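Got your viewer ready? Load the model, switch to cartoon, and keep the selection box handy.

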Amino acid sequence: MSEAVTMALIGAGNRGRGIFGNYAIEMPHRANFVAVVEPDDAKRLQFADQHQIPQAHRFADMESFFAAGKLADAVVIATLESEREEPVLRAIEAGYHILVEKPLGCSPEQVVRICDAARKYEGVFIVCHQMRYIAAYDTIKRLLDSGEYGKIVAIQHSENLAYSHMAHSFVRGFFNNDSMTPMILAKSCHDMDILRYLVDSPPTRVSSFGSLNYFREENAPAGAPARCLDGCPAYRTCPYHVLKLYFGADADPAYIRQMGVVRDKQHLRELLHTNRFGRCVFRCDNNVVDNQVVQIEFASGVTASFSMIGHNYLERRITKISLDNGEIEFDWHKGIIHAWSFNPRIAREVRPDGMQGSHGGGDRIIMDAFVDAVRTRDPQYILTPVKMSLDGHLLAFAAEEARKTGTVIDIADYETRVRQRVREPIQL
């Protein structure tokens, strides 16, 4: 089976163009994009030209794409969260194999509908939970499953966002307001999922606390205008000024891709005079938290604490697992797993290979897994079963409800309430 898997991309934004698209460019013997669906003319044109997609397979809307019949083996769905339910359900109906970005939707009702439909689907269906696939967490999972360290008692896990990432994505950016998704879902659905995966038991109860502490108008420097390039007097001291975040040699290319097709630095400067990313971080329409803690109890009796903080120099996750015969610790920045057993007293240090690239190499690995699963129809390549994905999503939504209401949420009761609100499946 040497032929490349043919794919259609729905949503040629940052990840569609920059991650999934680049995979096909670098691995043309494995994946070939033959169609694209993207309403933005410039993004659609750029992606289609890069992948030599014929004019007849360049679609501005999903209706035209699905009306054209089945054009590929698989679809990669990388739209905004608010636009994922329809393409997923229509792709199932059309018989495409599916890789879909997470989170699956903006509401628990959307997620339940998608997961229920996927559970009945016989094709390959992968939710893009990259963290399960990266070398570090794959190694940790193997250590846990070995039994050498006993059973898990508790987990301490943190996601530490770099200050620039917080400002770009969750203050200025598309994910800055819970009218689309809460922070715990938009940024930390990875983390809810990896905790569920490592514990290998469904969550039962959750509580949470958090707030928007810093990125508020009252914290703006004196005289700061609505936009950085309108002459901010705090330019020298403000780390969030756009000239520092977007024009340096170390500027994240993903930040630029989110602004559309940017021709050069002059074009970037012009865009920042009018687009959302040029705003003062203290004068935006953001309302998502910049700090949050979550406490989780699992059916197995394991407890977990999770913290998300948006004020860090280094972008990294830290995981510490306490077991009844040992301890396992991983710091993403250091790239080393430390494992200690009590009996026998053994200390082990593992430096996982292959952590380079976006999401610690997980984006490349999950695309490899998707291609192999489509080629072979072998379920061993799929580490993201839909039931487990549903558990992680519901955990995130329930945690946000717990934060807002100041209560402890029973997950089973929460799912029951969600399902009561779910209407009959959408007729397509």
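Start by selecting helix α9: C189, H190, D191, M192, D193, I194, L195, R196, Y197, L198 and V199 are buried there, where buried means under 20% relative accessible area, exposed over 50% and partly exposed in between, using a 1.4 Å probe and protein chains only. That makes 11 of 11 residues in α9, a mostly covered helix. Before going on, note that this is a predicted model: local features need pLDDT of at least 70, side-chain atom pairs count only at pLDDT 80 or more, and totals for chains, interfaces and linings use all residues. Residues are numbered from 1 along each chain as its sequence is written, and side-chain values use heavy atoms, with hydrogens and water left out.

Helices (H or I, at least four residues) and strands (E, at least two) are DSSP runs, numbered from the N terminus. Step just past the end of α9 and you land on D200, with a positive phi near 55°.

Now add helix α6 (residues 135-146): its axis is 10 Å from that of α9, at an angle of about 25°. Axes here are lines fitted to C-alpha atoms, for helices over the stretch in contact, and angles run from 0 to 180 degrees between N-to-C directions. So α6 is roughly parallel to α9; angles under 35 degrees get that label, over 145 is roughly antiparallel, 65 to 115 roughly perpendicular, and the rest oblique. Show side chains for Y137, I140, K141 and L144 of α6, which meet I194, Y197 and L198 of α9; contact means heavy atoms within 4.5 Å. By class, that contact has 6 nonpolar, no polar and 1 charged residues. Ala, Val, Leu, Ile, Met, Phe, Trp, Tyr, Cys and Pro count as nonpolar, Asp, Glu, Lys and Arg as charged, and the others, Gly among them, as polar.

What does α9 lie across? Select β7, β8 (203-211), β9 (291-298), β10 and β11 (316-323): α9 lies across these, running at about 160° to β7. They belong to an open, mixed sheet of 9 strands, ordered β14-β13-β12-β11-β7-β10-β9-β8-β15; two strands pair if DSSP finds at least two bridges between them. β14 (346-350) and β15 (409-410) are at the edges with a single partner strand each, so one side of each has no neighbour in the sheet. Helix α7 (residues 163-172) also packs on this sheet, touching β7 (152-162) and β10 (303-312), with its direction at about 75° to that of β7. For a look at one edge, pick β13 (residues 336-341), joined to antiparallel β14 by 5 bridges; I337 has V350 as its bridge partner.

Next, the other sheet: 6 strands, open and parallel, in the order β3-β2-β1-β4-β5-β6. Its edge strands, β3 (58-59) and β6 (125-127), each pair on one side only. Select V37 to find its bridge partner F59 in β3. Helix α1 (residues 14-26) packs on this sheet at about 145° to β2, touching β1 (5-10), β2, β4 (74-77) and β5 (97-100).

Last stop, the cysteines. How many disulfides does a search of the whole structure find? The count is 0, with a disulfide being a pair of cysteine sulfur atoms within 2.5 Å. Back in α9, C189 has its closest cysteine sulfur in C128, 9.9 Å away and too far for a bond. C189 counts as buried at 4% relative accessibility.
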